[in-house]
Structures are given as structure tokens and as C-alpha cells.
Amino acid sequence: MHNFEKLIFWQKSIVLAKNIYLICQNISADEKFGLISQMKRSVVSIPSNIAEGSGRNNNKEFNHFLAIALGSAFELQTQLILAKELELIKDDLASEILADLVEIQKMIYNFKQKLNS
């Protein structure tokens, strides 16, 4: 069992989730049940699956939940790119958030590799 609260990528994903929620407050209400909803679900899934997997019985199960978290991170990346293309998010803000997201993706991937070895 791992203490997920000590994992840097979990901590960073919590900050990311907070930032996405704040960004979504400034997106048109027209997108409330569309892109905003998808972005919120994806971003919450990242730290949630890290936490759930950390409490599992073995590294194989943890690795499975990390894979789900990573998949959610890639979903969010796609949604952020779309929001940027639709000009729902300013380019500079989107670039900053995407850079943070890519860092989290790399950290999760590297941790998964360590669990596998």
C-alpha cells in the first residue's frame, strides 16, 4: 500500500483539478453540459484513480489504476486542446495548463515503469 498523499504526481493532479474547476467557471454556460462537464470528470478522475489504486493489495492492481489515471490525463489533454481551438480558453493559459498536465503524465508513466520492474 502506498500513501497517495505523498506522491508528487497526486499532489500536482489536485492542483490541476482546482485550476481546471476555476477555468471552467469562466467558460460560457452554453458548454456546461458539454465540454466543461467532460473536463471536470477527466480531471477529477486523475487523482481519484491514483488514490484508489494506492490502496489496492499489490502493485499490479495499483498499476491498473495508474493506467486509468493516465488515460484520463490524455482525455483532458484532448479536451483542453479543443477548448483552446474553440477559443474558450486563452492560448497562454491553455499552454500553461497543458504543460502541467504533460508533466503529470510523464510522472505517472515513470512511476508505472518503476512498479513494473
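**Entry 1: Asn63**

I began with what Asn63 touches beyond its sequence neighbours. Not counting residues up to four places away in sequence, Asn63 touches Lys112, Leu115 and Asn116. I note here that the model is predicted. Asn63 is found in helix H3.

Buried or exposed? I looked up the accessibility of Asn63. Its relative accessibility is 9%, so Asn63 counts as buried; the cut-off for buried is under 20%.

Next I checked the side chain of Asn63 for polar partners. One polar contact goes to the side chain of Lys112, at 2.3 Å. Another goes from the Asn63 side chain to the side chain of Asn116, also listed at 2.3 Å.

**Entry 2: H3 against H4**

I then turned to the pair H3 and H4. Their axes are 10 Å apart, and the two helices pack at an angle of about 165 degrees. That angle makes H3 roughly antiparallel to H4, because over 145 degrees counts as roughly antiparallel. What is the handedness of the crossing of H3 and H4? I find it left-handed. I sorted the contact of H3 with H4 by class: 19 nonpolar, five polar and three charged residues.

**Entry 3: Ser72**

I stayed in H3 and moved to Ser72. Ser72 lies in this helix, which spans residues 59–85. Ser72 has 6% relative accessibility and therefore counts as buried.

Which residues does Ser72 contact, once neighbours within four places in sequence are left aside? I get Ser42, Ser45 and Ile46. With Ser45 there is also a polar contact, side chain to side chain, at 2.7 Å.

**Entry 4: Glu75**

Glu75 is another residue of helix H3. I read a relative accessible area of 40% for Glu75, so Glu75 is partly exposed. The band for that label lies between 20% and 50%.

I listed its contacts, leaving aside neighbours within four places in sequence. Glu75 is in contact with Gln38 and Ser42. Ser42 also appears among the contacts of Ser72.

I also took one C-alpha separation. Glu75 and Asn3 are 72 residues apart along the chain. Their C-alpha atoms are separated by 26 Å.

**Entry 5: Glu87**

I left the helices for the loop between H3 and H4, where Glu87 is found. What is the sign of phi at Glu87? I find it positive, at about 60 degrees, although Glu87 is not a glycine. I then checked the accessibility of Glu87. At 72% relative accessibility, Glu87 counts as exposed, because the cut-off for exposed is over 50%.

**Entry 6: H1 against H4**

Next I looked up H1, residues 8–24, and H4, residues 91–116. Their axes come within 10 Å. They cross at roughly 155 degrees. That makes H1 roughly antiparallel to H4. The crossing in which H1 passes H4 is left-handed.

I wrote down the residues on each side. From H1, the set is Ile8, Phe9, Lys12, Ser13, Leu16, Asn19, Ile20 and Ile23. From H4, they meet Leu93, Ile97, Leu101, Glu103, Ile104, Met107, Ile108 and Phe111. How many residues of each class make up this contact of H1 with H4? I get twelve nonpolar, two polar and two charged residues.

**Entry 7: Ile108**

I picked Ile108 from that list for a closer look. Ile108 lies in helix H4. Its relative accessibility is 0%, so Ile108 counts as buried.

I asked for the contacts of Ile108, leaving aside neighbours within four places in sequence. They are Phe9, Ile46, Ile50, Leu66, Ala69 and Leu70. Phe9 belongs to the H1 side of the H1 and H4 contact. Ile46 is also in contact with Ser72.

How far apart are Ile108 and Ile68 in space, C-alpha to C-alpha? I read 10 Å, with their positions 40 residues apart in sequence.

**Entry 8: Asp100**

My last residue was Asp100, which lies in helix H4. The relative accessible area of Asp100 is 32%, so Asp100 is partly exposed. I took its C-alpha separation from Gln11. The two residues are 89 apart along the chain, and their C-alpha atoms are separated by 12 Å.

Note on methods: Residues are numbered from 1 along each chain as its sequence is written. This is a predicted model: local features need pLDDT of at least 70, side-chain atom pairs count only at pLDDT 80 or more; totals for chains, interfaces and linings use all residues. Side-chain values use heavy atoms; hydrogens and water are left out. Axes are lines fitted to C-alpha atoms, for helices over the stretch in contact, and angles run from 0 to 180 degrees between N-to-C directions. Helices (H or I, at least four residues) and strands (E, at least two) are DSSP runs, numbered from the N terminus. Angles under 35 degrees count as roughly parallel, over 145 as roughly antiparallel, 65 to 115 as roughly perpendicular and the rest as oblique. A crossing is left-handed if the near helix is turned anticlockwise from the far one by less than a right angle, and right-handed if clockwise. Contact means heavy atoms within 4.5 Å. Ala, Val, Leu, Ile, Met, Phe, Trp, Tyr, Cys and Pro count as nonpolar, Asp, Glu, Lys and Arg as charged, and the others, Gly among them, as polar. Buried means under 20% relative accessible area, exposed over 50%, partly exposed in between (1.4 Å probe, protein chains only). A polar contact is a pair of N or O atoms within 3.5 Å; within protein, one must be able to donate a hydrogen and the other to accept it, and residues adjacent in sequence count only if both atoms are side-chain atoms.
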